[in-house]
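Trainee: I would like to go through this model with you step by step, beginning with single residues and ending with the contact between the chains. Could you show it to me before we start?

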Amino acid sequence: MHGRKRVKPSAEVEKLRKEKEVTKIKEYRNLVESYFQKKDKKEFDNDALALTTKILSQNPDFYSIWNFRRLILLNGLLKECSEEDKQQTLSTELVFLQELFQLNPKSYWIFNHRRWCLETMQNPDWDKELQLVGKFLELDARNFHAWDYRRYVTSKLSCTTETSLTQIEFDFTTTKINQNFSNYSAWHQRSKLLPLLIKEKNLDEQEKKKLIDKEFELVKAAFYTDPDDQSAWLYHWWLVAQGSIISTSQMNEESKESSNSLNQNLSINTSERIELLQREINVVRELLELEPDSKYCLQTLANLLSELKSNVKEDSKKIDDEIVTICDRLIKIDKFRTKRYEDLRSKFISNQQG
Amino acid sequence: MDTSEKQNRLLVDLHVKYIQSLDTKKDDLEYWLTEHLRLSGVYWGLTALDLLNSIDALKKEDVVKYVVSCQHDNGGFGGHIGHDPHLTYTLYAVQILVIEDALDAVNVDKIVEYVASCQDRDTGAFTGDEWGEIDTRFSYCALSCLSLLKRLDAINVPKAVEFIMLCKNFDGGFGVSPGAESHAGQIFCCVGALAIVNSLHLVDADLLGWWLCERQLKNGGLNGRPEKLEDVCYSWWVLSALSILGRLHWINKEKLIEFVLVAQDSEGGGIADRPGDMADVFHTLFGIAGLSLLGYPDLKPVDPVYCLPKHVVQRIGLAERYHV
Ligand SMILES: [Zn+2]
């Protein structure tokens, strides 16, 4: 349904195609017909397995066939056999899936069946899976099925080996980001791993600060390289929001989610918070001199100023004025989203009046 | 009238004919290879027809009879006659029956039982079927389905919400499962599900609204994730979420309307994923539903939460849900 060019073949060509398809349709419908028969009669034999192979090779989205295939395996080949045979059968299954992946790197059903095979095996080779998914991400660094599968494999791997892979996975995102700063999937993954890393390593205040500052360095390099890409800016905004929590208390899942707990933490460490905001405001202002029309840069400056305003008592009128000016500028630059900037501006104009 | 002139407006008659013709393409291999999407296709086609004020283009009797034939003894529906039951198809079936006002044709208690059986008691998540795949899409399917049947009491709603919130990300969006990257389709599902159970206060509407409105590209189309290509179906996934969050005005409506109209097949009817591609009924519905949300003239209004014509949602007495 996606990405197929519309072609308008001549009547002649169309006639030829339909003639050719007559046999193909007949063959395919025969396969499906035998599937229904075998399923009805509960024939879980090798013929049935071969039948599902044929149908799935042609149509991996026919989900009922995957279900039948699992029933065939459970009630046939995997039943009452040695662990060795079981391992062998399921390994063959993995090879079949790898062939299907070549043509369909984004099929939910193929990934599902792969998980089922590995979970049904006594000795799944998770290391091999990690290598495999690494290859997928080399071919397409944004394939979200592959990223999902990677998280799944690493969680299995750290369970079986009882060692954490957080640092290794964190480094993996660094590699991906350095290859391409616009890899949003990698930034996303990093936002999940950073809090875990801090928690697991039990860092002291100094070490935490160092780690976070390194993050700010990385994200700065990214938006300096491509200010028009939203990825790094969103990560930056998230990082700023995390800053106070990380420096005051051990970050936990809850404080990561909730902006309320963020505010609760601010009172503990307002001066550090202000220092961080001012530092980042300067970073963004410097970039703005080079890129005066960067909308994300302007947007971020407005965000940071608004955050600063809620932390300092003085200058609030001056800050409002600057945010209003930024919104006016954004309205001129980014024609598609003018209403959003007007909404933002109205918050600060009413403040001025009040 | 040349092609470009034709594509200045919605080709209502052509789209109606296109949808009517879908079940006549039996000499295309494609028709047989997509059998597992037959029930979904009926939902996509019927909803589009109703929005186009042409619901009678498909015979109610035939539609209801077909849907009933896809139900299994356990209450769930498959994608076609004899195909295995699955939560997504169960929602499509209920949606069709609600549009046709024909819920009395099936055993509703059985459907409720099936949907409830898909909830994982510990996590609150929903599996698509007995094989256990978990996805926030299925959370939406379950909540939407039971809400349409007025049987949300059959599941643990707080747990369901808890699971959805585990899938929230740094950008305010939602992914398929905890840890997964935000994706517009998934955001529609999670925001829609939260709206159904009056939990929109859990969404960071400004942050997510920013992410969503940045999906509009220079050609007016919307993509589903940063740095991806535009696609007509995202005019639904992104727009419906923006609409539920009360931020539909954050994108350029005219440009998006233009983009959807250019993706029409001005000869065969139907709408494609993007201009120049083959039309299909999936993108035809989401293109039309998007246009309806954008206030395109002469279309029936669509409900952004249920992806059903608004008059249907009103008829069964479900209140409109907006972000407050
Ligand atoms: Zn699409």
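Trainee: Which backbone oxygen does the side chain of T90(B) reach?

Mentor: Keep in mind that this is a predicted model. T90(B) is found in helix α6 of chain B, which covers residues 87–99, and its relative accessible area of 0% makes it a buried residue. At a distance of 2.7 Å, the side chain of T90(B) reaches the backbone oxygen of H86(B).

Trainee: Which backbone nitrogen lies 3.1 Å from a polar atom of the side chain of T90(B)?

Mentor: Once the neighbours within four places in sequence are left aside, T90(B) is in contact with several residues, including G76(B), I111(B), Y114(B), V115(B) and C145(B). The backbone nitrogen that lies 3.1 Å from a polar atom of the T90(B) side chain belongs to F77(B).

Trainee: Where is C117(A) found, and is C117(A) buried or exposed?

Mentor: The place of C117(A) is in helix α5 of chain A, and, apart from neighbours within four places in sequence, C117(A) is in contact with L90(A), E93(A), L94(A) and L97(A). Its relative accessibility is 0%, and the cut-off for this class is under 20%, so C117(A) counts as buried.

Trainee: How many Å apart in space are C117(A) and I212(A), C-alpha to C-alpha?

Mentor: Along the sequence these two residues of chain A are 95 residues apart. Taken from C-alpha to C-alpha, the separation of C117(A) and I212(A) in space is 40 Å.

Trainee: Which backbone oxygen lies 2.5 Å from a polar atom of the side chain of S57(A)?

Mentor: S57(A) has its place in helix α2 of chain A, residues 46–58, where it counts as partly exposed at 39% relative accessibility. Leaving aside the neighbours within four places in sequence, S57(A) is in contact with F96(A) and L100(A). The backbone oxygen that lies 2.5 Å from a polar atom of the S57(A) side chain is that of T53(A).

Trainee: What value does phi take in N202(A), and where is this residue found?

Mentor: Most residues other than glycine have a negative phi. N202(A) is found in the loop between α9 and α10 of chain A, and at 60% relative accessibility it counts as exposed. Its phi is positive although the residue is not a glycine, with a value near 55 degrees.

Trainee: What is the phi of E227(B)?

Mentor: E227(B) is found in the loop between α11 and α12 of chain B, and at 47% relative accessibility it counts as partly exposed. E227(B) is not a glycine, yet its phi is positive, at about 65 degrees.

Trainee: Which residues coordinate the zinc ion?

Mentor: The donors lie at 2.0 to 2.5 Å, and those from chain B include the SG atom of C233(B) and the NE2 atom of H283(B). D231(B) is listed twice, each time through OD, and the residue from chain A contributes NE2. The coordinating residues are therefore H2(A), D231(B), C233(B) and H283(B).

Trainee: Why does the pair of H2(A) and D231(B) join two chains?

Mentor: H2(A) is partly exposed, with a relative accessible area of 43%, whereas D231(B) is buried at 5%. H2(A) lies in the segment before α1 of chain A, and D231(B) lies in the loop between α11 and α12 of chain B, so the pair joins chain A and chain B.

Trainee: What area is buried between chain A and chain B?

Mentor: The contact takes 62 residues from chain A and 68 residues from chain B. In chain A, M1(A), R6(A) and F336(A) lose the most area to chain B, together 14% of what that side buries. Carbon and sulfur atoms give 53% of the area buried between the two chains, which is about 5900 Å².

Trainee: How many salt bridges does the rule find across the interface of chain A and chain B?

Mentor: The side chains of D84(B) and K39(A) meet in a salt bridge, with N to O at 2.9 Å. The rule also finds 37 residue pairs in polar contact across this interface, both residues at pLDDT 80 or more. For salt bridges across the interface of chain A and chain B, the number found is ten.

Trainee: Which helix gives the most to the side of chain A that touches chain B?

Mentor: The helices of chain A that each supply at least two residues to that side include α3, α5 and α17. The residues of that side divide into 22 nonpolar, 14 polar and 26 charged. With eleven residues, the helix that gives the most is α1(A).

Note on methods: Residues numbered from 1 in each chain as written. Chains lettered and ligands numbered in written order. Predicted model: local features only at pLDDT ≥ 70, side-chain atom pairs only at ≥ 80, totals over all residues. Heavy atoms only, no water. Contact = heavy atoms within 4.5 Å. Buried area = accessible area lost by both parts, 1.4 Å probe. Salt bridge = Lys/Arg side-chain N within 4 Å of Asp/Glu carboxyl O. Polar contact = N/O pair within 3.5 Å; in protein donor to acceptor, adjacent residues only side chain to side chain. Helix = DSSP H or I, 4+ residues; strand = E, 2+ residues; numbered from the N terminus. Nonpolar A, V, L, I, M, F, W, Y, C, P; charged D, E, K, R; others polar. Donors = N, O, S within 2.8 Å, 3.2 Å for Na, K, Ca; no water. Buried < 20%, exposed > 50% of the residue type's maximum accessible area, 1.4 Å probe, protein only.
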